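Let's take a friendly walk through this structure, from the place where chains meet to the elements inside one of them. Keep the viewer open as you read.

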Amino acid sequence: MRIVLEFPGFLQITGVDSGGTSEVAEGKTVSQLLDDFGIAYDHQRYIIPIVNREEKRLDYVLQDGDHLFLYVPVGGG
Amino acid sequence: MGDGIKIRLNEKTIRLDSPVCLRSLLEVECAEKIPDVVVVNGFPVASADWGGVLIRDGDVVVLISRGEMPSDNEFVSMLTARNSPALQGFFSDGTVGVAGLGGLGSHVATALARTGIGALVLVDFDVVEPSNLNRQCYDAADIGRYKVDALAERISRFNPFVQLNLHRLKLDETTVFPVFSDCDVVVEAFDSVEAKAMMVKSFSHPSFRSKFLVTASGLAGIGSPNEIRTRQLTRNVFLCGDLESAAGPGEGLMAPRVMVAAGHQATVVLRLLAGRI
């Protein structure tokens, strides 16, 4: 299945462009996808998955056609 | 003679039978107190010249008592004229929360108070430090004061009619709900990553689904301000910033970009209140 994936550059995800389409295996969770990108679990807890404009948890099972935005707030205000 | 003339006097339209000399107008309109300054069509007119200026149809006259706050009614008339009647009603009816009164929050609250928001809920546990003066809406006399108190006093000097609800409090996932329960929109203006994340998560809670959050992320440094933009994160959460520029060593928080982000946040609030989003 395919999803649209967006992420900030500092996550340093390689092999896919932010805003592009990614091929994802059926049943894969957001956390498992982040594992595939080499993002350690300790760092995953700072990520807020936004799927189709809804906040989800890291154990959300991705669906075909999902738009996944990996929101990571950065400090400063 | 026709139907007379219409002029704008202190942002209100009034009708006169015919063109009139400025001095005569002032004798009628300001019988109790002659104004200190009179501005006609944008230009101050010296009192010695009042007898020689003819007020005609369409002229705009502003009467000023130096250093004196207009009345509540005059202030609302002025805001309505400036912001447009169609919008001011939405703004006056709005209640907006501001979580954190640092670089973002102090400027957002100031912008909203100047726009004539009906009520502001201002929350911060901190005091003004010297290092805040590079980007936050305080001055040296505020150093050591609680930010909520310093900002409330500052706001009252230009808009004493906005209702202020002040909380000297460090918000957490429990207190956020009662503190902002009356708000239509809440602005997240914290410094820390954890606090920003807490606010975003709070607004997916069922009790806050009918409210809006305007959060910010990525505003440090001197990168192009055009990289700071507004996007809709979820149904009820909007995000302002470049998403990337974290505050840290070599990437300080400086007034220009912080104020650009604050301007984005305040504008989103106004658009939400006006139903334009």
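How many residues does the contact take from chain B and from chain A? Chain B gives 29 residues and chain A gives 15 residues. Please keep in mind that this is a predicted model.

On the side of chain B that touches chain A, at least two residues come from each of α4, α7 (193-202) and β13 (229-234) of chain B. The most come from α7(B), which supplies 5 residues. Sorted by class, the residues on this side of chain B are 14 nonpolar, 10 polar and 5 charged.

Helix α4(B) is a good bridge to the next topic. Residues 103-115 of chain B make up α4, and this helix packs against α8 (residues 255-273) of chain B at an angle of about 45 degrees, with 8 Å between the axes. Angles from 65 to 115 degrees would count as roughly perpendicular and those under 35 as roughly parallel; α4(B) and α8(B) are therefore oblique to each other. Their crossing is right-handed. From α4(B), the residues that meet α8(B) include Leu104(B), Val108(B), Ala111(B) and Leu112(B). On the α8(B) side, Val258(B), Ala262(B), Val269(B) and Leu270(B) are among the residues in this contact. By class, the contact of α4(B) with α8(B) has 11 nonpolar, 5 polar and no charged residues.

Now to the strands. In chain B, an open sheet is built from 5 strands in the order β2-β1-β7-β4-β5, with mixed pairing. Its edge strands are β2 and β5 (43-45) of chain B, each of which pairs on one side only. From one strand to the next, the twist averages 35 degrees.

Strand β1(B) takes part in two pairings, set side by side here:

| Strand pair | Bridges | Direction | Residues standing opposite |
|---|---|---|---|
| β1 (residues 5-9) and β2 (residues 12-16) of chain B | 5 bridges | antiparallel | Ile7(B) and Ile14(B) |
| β1(B) and β7 (residues 60-64) of chain B | 2 bridges | parallel | Arg8(B) and Val60(B) |

β1(B) and β2(B) also form a hairpin, with 2 residues between the strands. In that turn, Asn10(B) has a positive phi of about 50 degrees.

Another positive phi lies just after helix α2(B), where Ser84(B) takes a value of about 90 degrees. The helix itself, α2 (residues 72-83) of chain B, has 12 residues. From first C-alpha to last, α2(B) reaches 16 Å, close to the 16 Å expected at 1.5 Å a residue.

Technical notes:
Residues are numbered from 1 along each chain as its sequence is written. Chains are lettered from A and ligands numbered from 1 in the order in which they are written. This is a predicted model: local features need pLDDT of at least 70, side-chain atom pairs count only at pLDDT 80 or more; totals for chains, interfaces and linings use all residues. Helices (H or I, at least four residues) and strands (E, at least two) are DSSP runs, numbered from the N terminus. The expected span of a helix is 1.5 Å times one less than its number of residues. Two strands pair if DSSP finds at least two bridges between them. Axes are lines fitted to C-alpha atoms, for helices over the stretch in contact, and angles run from 0 to 180 degrees between N-to-C directions. Angles under 35 degrees count as roughly parallel, over 145 as roughly antiparallel, 65 to 115 as roughly perpendicular and the rest as oblique. A crossing is left-handed if the near helix is turned anticlockwise from the far one by less than a right angle, and right-handed if clockwise. Two residues are in contact if their C-beta atoms, placed from the backbone, lie within 7 Å. Ala, Val, Leu, Ile, Met, Phe, Trp, Tyr, Cys and Pro count as nonpolar, Asp, Glu, Lys and Arg as charged, and the others, Gly among them, as polar.
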